[in-house]
Every structure is written in C-alpha cells, then in structure tokens.
Amino acid sequence: MRKNYTVDNNSVASNPGNTALNKVVWFRHNITTVSTLSLFLICSLLATIVVDTTYSFILVIAIFINFYYWINKREHFLSGHSNGGIVVGVHPTLVAVNGDLSKGYGYFPVVKIMKRASLNNVSIGDRVPTVALYTASTNEGLAHWLDFNPIPLSYATNNVKVTNLAIQSYPNEQWDQLEKYLLELEKPYKTGLYQVDKEQSSWNEISSDSMSVLDDLEKGDKSIDFKKIVIAVIIFIAVLYGLKFFI
C-alpha cells in the first residue's frame, strides 16, 4: 500500500481511483486557483530577492502551500474512492454523486451535488466518473464521516481508456441507487450535501446533534479555498511593505 502524506493512511477505498494526475489537464479545469498559487510563489520569491530577505518567511509559506496543494491533488486521484456521478444540470454544470459516509458500521447515504463549470460538452443524464476523499469531523465520537468531495476523473486525465474503465467499474446497482435518491431531492437541484433514505438508514438512529452537523453542510460546500488564503497573505505582504515607510 502506498504511503500518503495528505490523505489518511488508515482508510482504504474499496474502489480506489488509481489515476495519475496530469497537471496540465488539472490546470485547464482550475486555471484561477493554480494561477493564483503560482503567482503567490513567484511574487514571494521576487520580494525575497529584490525587496528584502525578511520576506523569506512568506516564501516558505508559499512553497509549503504549493507543495501541499499538488501532493494532495495527486493523492486524491490515486487513493480516493472512485464512484459514478450523473449530470443533473447545465449552465452551470451540476453533477450529483451518491456516497455512504459510514466509517465501517451503519449506513449513512448521502448525495453530493457540485457545480463543475469547467466540465463542458455534457448533457443532463450523462454519466461522469469521479474520485472522492472523505472528511472526518473534529468530533471523534461521530459515527460517520462529515463530508466527501467527489471530483470528475476528467479533471485529472484526458485518457479516454482510463475514464471508460472507471465507468465500467461501477455496478448497475450504484446507478439505480443514485437515480432513486435523486427523486427524493427538490428541483431545481442546488449544490450541497443531502441526507437520503433517512427512514431506512442509520440516519434515524443517531442523535439530533449529529444530524445538525449534516444539516449545516447541506447549505453549501465547506472545502478549503486556497485562493482566499493566498489573497489574505498577499494583503499581509503589502501591509508589511507599507509599514516600512512609517517605521
């Protein structure tokens, strides 16, 4: 088993992505984020060399963020759980994926609806292979994962054989289940994480406090926004540089 640095090594996906990340393909789907991170690294390097060596600590932060970002994306598609998604909206593109947030016992079915604007040339009903990582709660006593983040496999590779093999790895039962769960959701579909099959699953066995955690997540995606982090640090650099004229 490969050793991961940003992904939990104690959890093993039943159907791992096993797909090598093509950085060029990823860039095409995430131009703003990748460009922002790269610009942050370049500006930090120039500030350290040209302006003042005291900016080297900002450079270290920039190197760490860029390193972590690319390692995390690589491990996402290698070790994450591969599952099928269905396009449920266009303009913008919305993709729905079902999953089980169980940690090995119980059954906690959910449907995640994501906006994937860069996923072009698709129609409602199209099947899309995805790879997801699961997010743990800070509450270790929580009986299930807190969230999961499915990303289309086409964001990592343009190899048609790889995506076709992924589609073939999903059983028909998985597609039937997703279509059934989508009937429980209100239309028009909106992005978020939704509990489904509440009466027949383990959702009806856990405390109201645990349920409220998922209710909060249903309001939207809570994933880390690297762009906001970088912008905040750039503003911090500008403030430090401005203070030099007053000290």
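Me: How do you know that contacts in this predicted model join residues far apart in sequence?
Reply: Among contacts in the chain with a separation of 6 or more, 71% are between residues 24 or more positions apart. A contact here requires heavy atoms within 4.5 Å.

Me: What makes up the chain in terms of helices and strands?
Reply: The chain has 7 helices and 6 strands. Along the sequence they follow the pattern α-α-α-β-β-β-β-β-α-α-β-α-α.

Me: Why are β5 and β6 called edge strands?
Reply: The 6 strands form an open sheet in the order β5-β4-β1-β2-β3-β6, with antiparallel pairing. Strands β5 and β6 (192-195) each pair on one side only, and the twist averages 35° from one strand to the next.

Me: How do you know that β2 and β3 pair?
Reply: Two strands pair if there are at least two bridges between them. Strand β2 (residues 94-100) and β3 are linked over 7 bridges in the antiparallel sense, so the definition is met. Within this pairing, Val 97 has Lys 112 of β3 as its bridge partner.

Me: Which helices pack on the sheet?
Reply: Helix α3 touches β1 (81-89), β4 (127-135) and β5, and its direction makes about 115° with that of β4. Helix α5 (residues 172-182) touches β1, β2, β3 and β4, at about 40° to the direction of β1.

Me: Why is the pair of Lys 112 and Asp 147 called a salt bridge?
Reply: The rule asks for a side-chain nitrogen of Lys or Arg within 4 Å of a carboxyl oxygen of Asp or Glu. The closest N and O atoms of Lys 112 and Asp 147 are 3.3 Å apart, so the pair qualifies under that rule. The count for the structure comes to 1 salt bridge.

Me: What does this salt bridge tie together?
Reply: Lys 112 lies in strand β3 (residues 109-115) and Asp 147 in strand β5 (residues 147-152), so the bridge ties together parts that are 35 residues apart in sequence.

Me: Are Lys 112 and Asp 147 buried or exposed?
Reply: Both residues are buried, which means that each has under 20% relative accessible area. Of the 247 residues of the chain, 46% count as buried.

Me: Which residues touch the most other members of the largest nonpolar core?
Reply: They are Trp 26, Phe 77, Val 111 and Ile 113, in a core of 50 residues. Helix α3 (residues 56-79) gives the largest share of this core, 6 residues.

Me: What does Trp 26 touch beyond residues up to four places away in sequence?
Reply: Its contacts include Leu 21, Val 34, Trp 70, Phe 77 and Tyr 155.

Note on methods. Residues numbered from 1 in each chain as written. Predicted model: local features only at pLDDT ≥ 70, side-chain atom pairs only at ≥ 80, totals over all residues. Heavy atoms only, no water. Core = buried A, V, L, I, M, F, W, Y, C linked by side-chain atoms within 4.5 Å. Buried < 20%, exposed > 50% of the residue type's maximum accessible area, 1.4 Å probe, protein only. Helix = DSSP H or I, 4+ residues; strand = E, 2+ residues; numbered from the N terminus. Axes fitted to C-alpha atoms, helices over the stretch in contact; angles between N-to-C directions.
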